Amino acid sequence: MKFSAVINSLTSCLFAASLISSVCAASSLPDLGGNGFSVITPDKEKQLGDVMMRQTRGSLPMVYDPLLDEYINSLGNRLVARSNDVRFPFKFYWVQDRNINAFATLGGNIASHTGTLAIADTESEFASVMAHEIAHVTQRHIARFVEAQSQKAPLTLAGVLGAIVLATVNPDAGMAAMMATQGAAQQSAINFTRSNEQEADRIGMQVLADAGFDPYAVPNFFRKLTEQNRFISQQLAFLQTHPLSQNRVSDTRMRAEQFPQRFVPDSQDFTLSKARVLARYHYNKKDAEQVFRKKLSEPGGNTKANQYGLAITLLDNGKLDQARKLIEQLLEKDEHNLYYVDVYTDILLGQKEYQLCLEMLEQQYLLRPNNQVVTLNYANAAMKSGGHHLAIHLLKSLLFYKNDNILAYDLLSDAYKALGDFGKYYEARADLAYQMANYPKAIDDLNEALNHLKPEQKLENRRLEAKKKQLQAEFNRLQRM
């Protein structure tokens, strides 16, 4: 399924300097100066982290791509399984940004820029960045940062958390925002966060090795970053948010030498995910086709990943016949590969071969009924062919297992709108607004849903009133925390 249009309709990249105000406005989080926040418990960290992540969704150009979502969460949780001091489930996300960076927020929420995967030469290099961010969370570096600030001045929680997010995405603006929010004393807090980088390096490398990746990827990745930084006028975002001193580079090199050197092959999911990122989120359509054609012509470059990347760019450039020929060749050797199935689905829909598309996706759905890649593609194909009731059934089943799926809510609202069921349409839009932490919008949409109910729909009226009351209570509770 092609998700770029959906992404653009759901999120927009705000100016960095405006992120603080959007974070504050979204939930009016309370003062941090009281004793209630002198220590952030794991439960409170998880609660705040969930709100913070939903705010981030509404403020940054997030990538809602189920294939990439499956990959990063599979990789991330493989690393989490080898980590100590895990206090809550982790979730991993993508931000569409060609700069190399990744960041962790409260509550086990970790995001990577698409540019980080695009630049990684090996899966171990990309995993090393994820392991580092996981270590920041398990060692509670961010929670301890917030606690430290609460003891210095009466600060607004929204200001502190917003500055953290902003600093990870736009370092210059983030540091300025922190200083503006908290005054010159904030400089010590910046030093406090930077002092934890070495600890995250040490623990992250151990986690990386325990999970079966190459620990030498850490110094290799650092070396790559420093070499790239020599040839550009502005410091790399990763080096601004993760300061890289010479001592730190030396420490990682010596620490890696304590592990036996081993060859760790890249997984197919890594190579295909990287090709997908390059084709859809890194290069423009015209350049992407040229890049992949060049890669395929080079010695050793005729790989499945490069063929897949070219198939995506051919599809996106409207060259459906060429794309179909290429993807069918890949499917002949691996008919259940969801990367290939996803592209083939879009080609068939573009050629209006709805029946063939639905038959293929039905078989995939029987094999993997709860897989978001299959379900979202199946629902989208059903809607394209007029099967809105089937799409609603599929999407509601998916949301039962994965109730924070942005694309599912968006498709669900479209399906209800097509059927003229505006009560359900506005309820689905309310659910989508809630996933962006936009409580006022969610409550307004529920009011619209109530306005579209018929007088005899008394049970539905009570249900929506209860849902609205629950949202208002949650919003009020956040304001009182």
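**View 1. Lysine 224 sits in helix 12.** In this predicted model, lysine 224 has its place in helix 12, which spans residues 217-230. Is this lysine buried or exposed? Lysine 224 counts as buried because its relative accessible area is 13%, and buried here means under 20%.

**View 2. Lysine 224 meets residues from another part of the chain.** Setting aside residues up to four places away in sequence, lysine 224 touches Ile119, Ala120, Asp121 and Glu125. Take isoleucine 119 as a guide: 105 residues separate it from lysine 224 in sequence, while the two C-alpha atoms are 9.3 Å apart in space. Which atom of isoleucine 119 does the lysine 224 side chain reach? The side chain of lysine 224 comes to the backbone oxygen of isoleucine 119, at 3.1 Å.

**View 3. Leucine 79 belongs to the largest nonpolar core.** This core holds 117 residues. Leu79, Phe126, Met130, Tyr308 and Ile327 are the residues with the most contacts inside it. Helix 19, made of residues 338-350, gives the most to this core, with nine residues. Now look around leucine 79 itself: not counting neighbours within four places in sequence, leucine 79 is in contact with Ala127, Met130, Ala131, Ile134, Val207, Leu208, Ala211 and Phe213.

**View 4. A second core stands separate.** Here you can find a core of 14 residues, separate from the one above. Its residues include Ala433, Leu453, Leu471 and Leu478.

**View 5. Helix 18 crosses helix 19.** Two packed helices are described by the angle between their axes and the distance between the axes. For helix 18 (residues 320-333) and helix 19, the axes come within 10 Å and cross at roughly 145 degrees. The crossing of helix 18 past helix 19 is left-handed. Which residues meet here? From helix 18 come Leu320, Ala323, Arg324, Ile327, Glu328, Leu330 and Leu331. Their partners in helix 19 are Tyr340, Val341, Val343, Tyr344, Ile347, Leu348 and Gly350. You may recognise Ile327 from View 3, where it was named among the residues with the most contacts inside the largest nonpolar core.

**View 6. The whole protein puts the close-ups in context.** The protein has 26 helices and three strands. Of its 481 residues, 57% are buried. Among contacts between residues at least 6 apart in sequence, 67% join residues at least 24 apart. The accessible surface is about 20,900 Å², and carbon and sulfur atoms account for 50% of that surface.

Conventions:
Residues numbered from 1 in each chain as written. Predicted model: local features only at pLDDT ≥ 70, side-chain atom pairs only at ≥ 80, totals over all residues. Heavy atoms only, no water. Helix = DSSP H or I, 4+ residues; strand = E, 2+ residues; numbered from the N terminus. Buried < 20%, exposed > 50% of the residue type's maximum accessible area, 1.4 Å probe, protein only. Contact = heavy atoms within 4.5 Å. Areas by Shrake-Rupley, 256 points an atom, 1.4 Å probe, with all protein chains shown as cover. Core = buried A, V, L, I, M, F, W, Y, C linked by side-chain atoms within 4.5 Å. Polar contact = N/O pair within 3.5 Å; in protein donor to acceptor, adjacent residues only side chain to side chain. Axes fitted to C-alpha atoms, helices over the stretch in contact; angles between N-to-C directions. Left-handed = near helix turned anticlockwise from the far one by under 90°.
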